[in-house]
Amino acid sequence: MSSESISATLAAIVGPDYVLTDEASCILYAQDVFTRDKTAACVVQPETTEQLSRLVAAAVAAGFAVVPRGGGMSYTSGYVPEEDDSILVDTSRMDAVIAINQEDMYVTVQVGCSWKKLYEALKDTGLRTPFWGPLSGFHATVGGSISQSSVFFGAGLFGASADSVVSLDVVLADGSVLSTGSAAQKNGSPFFRHFGPDLTGLFTCDTGALGIKSTITLRLMPEFKSIRHVSYDFDNYESQIKALSEISRQHLAAQMFGTDPGLGQIRAQRDSLMNDVKALGGVLKAQDSLLGAVKQGAKIAMAGRRLVKNASYPVHANVEERCDAAADEVADQIAAICQQFGGKKIENSVPSIVRANPFNPLNNMVGPQGERWVPVHALLPHSKVIESVKVTEAIYEKYSDMIEKHHIVTGFLFTTVSTNCFFMEPLWFWPDELNELHRETVEGNVLAKQKGFGANLEARHAVESMRKELVAAFSEMGASHLQVGKEYIYRDGLKPEAFELIKAIKAVVDPTRRINPGCLGL
Ligand SMILES: Cc1cc2nc3c(=O)[nH]c(=O)nc-3n(C[C@H](O)[C@H](O)[C@H](O)COP(=O)(O)OP(=O)(O)OC[C@H]3O[C@@H](n4cnc5c(N)ncnc54)[C@H](O)[C@@H]3O)c2cc1C
């Protein structure tokens with residue numbers, strides 16, 4: 001069947017306005033933050049599970065590859081088509097919050113619902129999901145995050161996004177709709193994850209290789225209203241990492257992060273006066289009293305000025321507890337750990353701003369002057385973090401000529417997941433041309449103020465090579481990853497028994513290998 005005929009078939013299912021065949025859309029939706037490669041045959045935008053099921057069945061029967069895309073905020077080619085003439089399924093119209101069940105404590109959303117939208121829907125209920133969003137939650141969808149797992153808000157206490165999921169509805173390659181968790185029963189509802197083997201877990205983190213999720217149910221819990229912010233600065237990364245690990249092991253911070261001087265330098269350079277003013281507004285609103293607001297505002301303004309001067313290794317933590325006494329106690333424990341490792345207390349403006357404005361436009365996906373940005377990451381046991389930083393620095397050292405020649409800025413972002421996992425994210429900023437997705441995502445007034453750069457293929461290839469070497473090094477160290485997509489080493493890094501099982505499952509749910517081919521090495 002030709003691309004034209006399949007587009008007509010899909011238009012009959014979702015309506016002609018929701019099958020995009022213009023070149024600009026087919027280019028835009030098929031590229032991610034880092035990779036621009038094949039163009040989609042068309043972009044289809046279903047609104048319901050029924051439409052999704054019918055379109056998948058029709059496209060697969062006609063032999064087309066079908067690739068799901070949520071907010072498009074990943075950077076490991078997860079939704080970048082491997083084959084020519086692939087059909088991109090954009091889930092942005094499937095964005096409803098279907099049910100907030102306060103009696104049974106779960107919320108069900110359509111996959112295209114953003115974390116911001118879910119956050120706003122729950123705001124006045126006094127409830128939240130345990131994990132409640134990545135920093136990209138302004139655009140990132142619940143479906144995309146659960147399909148590759150994400151970390152940040154809530155992850156310090158409650159684990160990654162996939163750990164908060166109870167049940168899924170997944171459209172398989174033949175168009176059938178599989179329900180998981182307690183909802184897999186003939187008479188079930190989606191209130192609990194485990195009944196026999198964990199079918200929910202099978203589809204979380206599959207990066208869309210096993211099926212296309214249509215709805216997701218997450219657990220609810222009471223919102224913790226007593227919030228504290230703690231910031232300490234260290235003069236070397238070893239002490240910073242040891243403090244982050246110990247805070248994680250003791251299960252203290254709701255979420256926290258650390259940066260290095262490279263990332264600090266970028267932050268200081270950002271021409272973000274307007275954003276800071278907006279962010280400050282959010283913090284002030286979050287203060288209970290006018291006096292508290294004025295004091296906090298003055299502290300933040302001073303800390304902002306100091307930030308520019310310091311080359312430092314800060315740790316920023318948010319504490320969220322049920323009552324003020326508990327929040328104070330936990331904040332004191334974090335402070336004691338930081339002091340034990342030589343940290344010096346600094347203003348807590350950064351975590352205050354992050355917590356008060358969780359989901360902002362993603363202007364940070366480019367550098368302060370419009371540089372390109374890309375990270376890579378590893379999920380590590382605490383015992384391997386310092387070694388991993390050294391391995392990363394050795395790779396940076398190997399490329400030092402290129403780094404210097406092209407003014408490539410390297411940096412690190414650290415965070416933790418529950419008590420047992422350290423998230424390390426090396427990242428790069430380099431002068432290079434932005435692609436269509438950057439221009440679509442970053443706010444126009446921010447782009448307009450930036451210098452911008454022409455295409456710089458040599459620098460881009462140097463970053464690509466460093467990234468690949470790091471991915472290989474992480475695999476050798478036994479690291480785990482979020483957003484496996486088509487870039488992290490999954491297939492070749494697994495023991496054969498594990499990969500054979502995944503392959504056999506793929507053969508059952510997608511026998512002709514039409515759903516997101518290439519993801520997970522399948
Ligand atoms: C500025 C910025 C900040 C970020 N901050 C964080 C952060 O704090 N924490 C973090 O973990 N990540 C972060 N990320 C990475 C990324 O945004 C997140 O992983 C996010 O969860 C991706 O969601 P998405 O909806 O954009 O997914 P997409 O990028 O659209 O898709 C991700 C993967 O899921 C698949 N997929 C999408 N929808 C479905 C579906 N319905 N069924 C099956 N498969 C599907 C896609 O094929 C793809 O493989 C950040 C990215 C940016 C640009």
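**The ligand shell and the second largest pocket**

Helix α5 gives the largest share of the shell around the ligand, with five residues. The model is a predicted one, and the contacts below should be read with that in mind. The shell takes in 33 residues around the ligand, and those that come nearest are Pro 68, Ser 74, Thr 141, Ser 145 and Gln 148.

Now for the polar contacts. Gln 148 puts a polar side-chain atom 2.7 Å from an oxygen atom of the ligand. Ser 150 joins in through its side chain, where an N or O atom sits 2.8 Å from a ligand oxygen. With Lys 213 it is the backbone that takes part: one of its polar backbone atoms is 2.9 Å from a nitrogen atom of the ligand. As for burial, the ligand on its own has 980 Å² of accessible area, and the protein covers 95% of that. Two or more residues of the shell come from each of β3 (66-69), α5 (142-148) and β10 (212-219).

Sorted by class, the shell around the ligand holds 18 polar residues, 13 nonpolar ones and two charged ones. On the domain level, the shell draws residues from both domain 1 (3-92) and domain 2 (94-222), so the ligand lies between these two domains.

Then there is the second largest pocket, with about 600 Å³ of space in it. Its lining is made up of 29 residues, and nearest the centre of the pocket are Cys 205, Ser 480, His 481, Val 484 and Tyr 490. The lining of this pocket breaks down into 18 nonpolar, nine polar and two charged residues. Where does the second largest pocket lie with respect to the domains? Domain 2 (94-222) and domain 3 (227-476) each give residues to its lining, so the pocket lies between them.

Put side by side, domain 2 turns up at both sites: it gives residues to the shell around the ligand, along with domain 1, and to the lining of the second largest pocket, along with domain 3.

Notes:
Residues numbered from 1 in each chain as written. Predicted model: local features only at pLDDT ≥ 70, side-chain atom pairs only at ≥ 80, totals over all residues. Heavy atoms only, no water. Near = heavy atom within 4 Å. Polar contact = N/O pair within 3.5 Å; in protein donor to acceptor, adjacent residues only side chain to side chain. Areas by Shrake-Rupley, 256 points an atom, 1.4 Å probe, with all protein chains shown as cover. Helix = DSSP H or I, 4+ residues; strand = E, 2+ residues; numbered from the N terminus. Nonpolar A, V, L, I, M, F, W, Y, C, P; charged D, E, K, R; others polar. Domains from an automatic or database assignment. 1 Å grid on protein atoms, 1.4 Å probe; cavity = no way out; pocket = protein on both sides within 12 Å on 5 of 7 lines; lining within 4 Å. Points joined across faces, edges and corners; volume = space filled by probe spheres on them.
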